[in-house]
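I opened the notebook to record what I looked up in this structure, entry by entry. I set the entries down in the order in which I went through them.

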Amino acid sequence: MDPLSPAVLVLSGRVTRAGTPRLCADLEAILATSDAAVVDCDVGGVVEPDLASVEALARLSLVARRAGGRRLRLLHVPPELRSLLDLVGLADVVGLDDGSAVEAGRAPGP
């Protein structure tokens, strides 16, 4: 895989603490088969975001960083999740998409 093309992880439904280890394992599997520097994490399908969702995203970001300094970039972030990330001070830790994905020629999300 091209290191300039991001790998992709999609989160949907309710993100729980119990499901976080599986998400981390999914990301580790993606990173093991990719040399992409960035993992695009589409969170547009996440429902009822809460602090468990924020914790999961923080752990996913840590998994990416531990895998050779890679970066997790969140796409299609629901307003409620964005507010929670801002509230706990993690908006700068996890990469929030600023619209540059569309500018780079990738299709916009819903």
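**Helix 2 and its surroundings**

I began with the buried residues of helix 2, which I listed as Ala52, Ser53, Val54, Ala56, Leu57, Leu60, Ser61, Val63 and Ala64. I kept in mind that this is a predicted model. When I asked what these buried residues of helix 2 pack against, I found strand 1, helix 1, strand 2, strand 3 and helix 3 (79-87).

I next checked the length of helix 2: its 16 residues, at 1.5 Å a residue, should span 22 Å, and because its end C-alpha atoms are 22 Å apart, the two values agree.

I then looked at both ends of helix 2. At the N-terminal end I noted aspartate 50 as the cap, with a side-chain oxygen 3.1 Å from the backbone nitrogen of alanine 52. After helix 2 comes glycine 68, and its phi is positive, near 80°.

**Sheet**

I moved on to the strands and found an open sheet of four, in the order 1-2-3-4 and with parallel pairing. Its edge strands are strand 1 (7-13) and strand 4 (95-96), each of which pairs on one side only. As a reminder to myself, strands of a sheet pair through backbone hydrogen bonds, either parallel or antiparallel.

Looking at one pair in detail, I counted six bridges between strand 1 and strand 2 (residues 38-46), in the parallel sense. Within this pair I located serine 12 opposite glycine 45 of strand 2. Helix 2 (residues 51-66) packs on the sheet, where it touches strand 1, strand 2 and strand 3 (71-75), and its direction makes about 140° with that of strand 3.

I also picked out valine 10, which belongs to strand 1. Is valine 10 buried or exposed? I recorded valine 10 as exposed, because its relative accessible area is 54% and the cut-off for that class is over 50%. Valine 10 and glycine 44 are 34 residues apart in sequence, yet I read 8.4 Å between them in space, C-alpha to C-alpha.

**Helix 1**

I turned to helix 1, which lies across strand 1 and strand 2 and runs at about 160° to strand 1. Threonine 20 is found in this helix, which covers residues 20-32. I classed threonine 20 as buried, because its relative accessible area of 2% falls under the 20% cut-off. Setting aside neighbours within four places in sequence, I found threonine 20 in contact with Ala56 and Arg59. Of these two partners, Ala56 is also among the buried residues of helix 2 that I had listed at the start.

**Cysteines**

I looked at two cysteines for their exposure. Cysteine 24 is buried, with a relative accessible area of 7%, and cysteine 41 is buried too, with a value of 0%. How many disulfides does the count come to? I arrived at zero disulfides, the rule being a pair of cysteine sulfur atoms within 2.5 Å.

**Whole chain**

I closed with the chain as a whole, which has four helices and four strands. From the N terminus on, I wrote the elements down as β-α-β-α-β-α-β-α. Of the 110 residues of the chain, 42% count as buried. For contacts between residues at least 6 apart in sequence, I noted that 77% join residues at least 24 apart.

Conventions
Residues are numbered from 1 along each chain as its sequence is written. This is a predicted model: local features need pLDDT of at least 70, side-chain atom pairs count only at pLDDT 80 or more; totals for chains, interfaces and linings use all residues. Side-chain values use heavy atoms; hydrogens and water are left out. Helices (H or I, at least four residues) and strands (E, at least two) are DSSP runs, numbered from the N terminus. Buried means under 20% relative accessible area, exposed over 50%, partly exposed in between (1.4 Å probe, protein chains only). Contact means heavy atoms within 4.5 Å. Two strands pair if DSSP finds at least two bridges between them. Axes are lines fitted to C-alpha atoms, for helices over the stretch in contact, and angles run from 0 to 180 degrees between N-to-C directions. The expected span of a helix is 1.5 Å times one less than its number of residues. A polar contact is a pair of N or O atoms within 3.5 Å; within protein, one must be able to donate a hydrogen and the other to accept it, and residues adjacent in sequence count only if both atoms are side-chain atoms.
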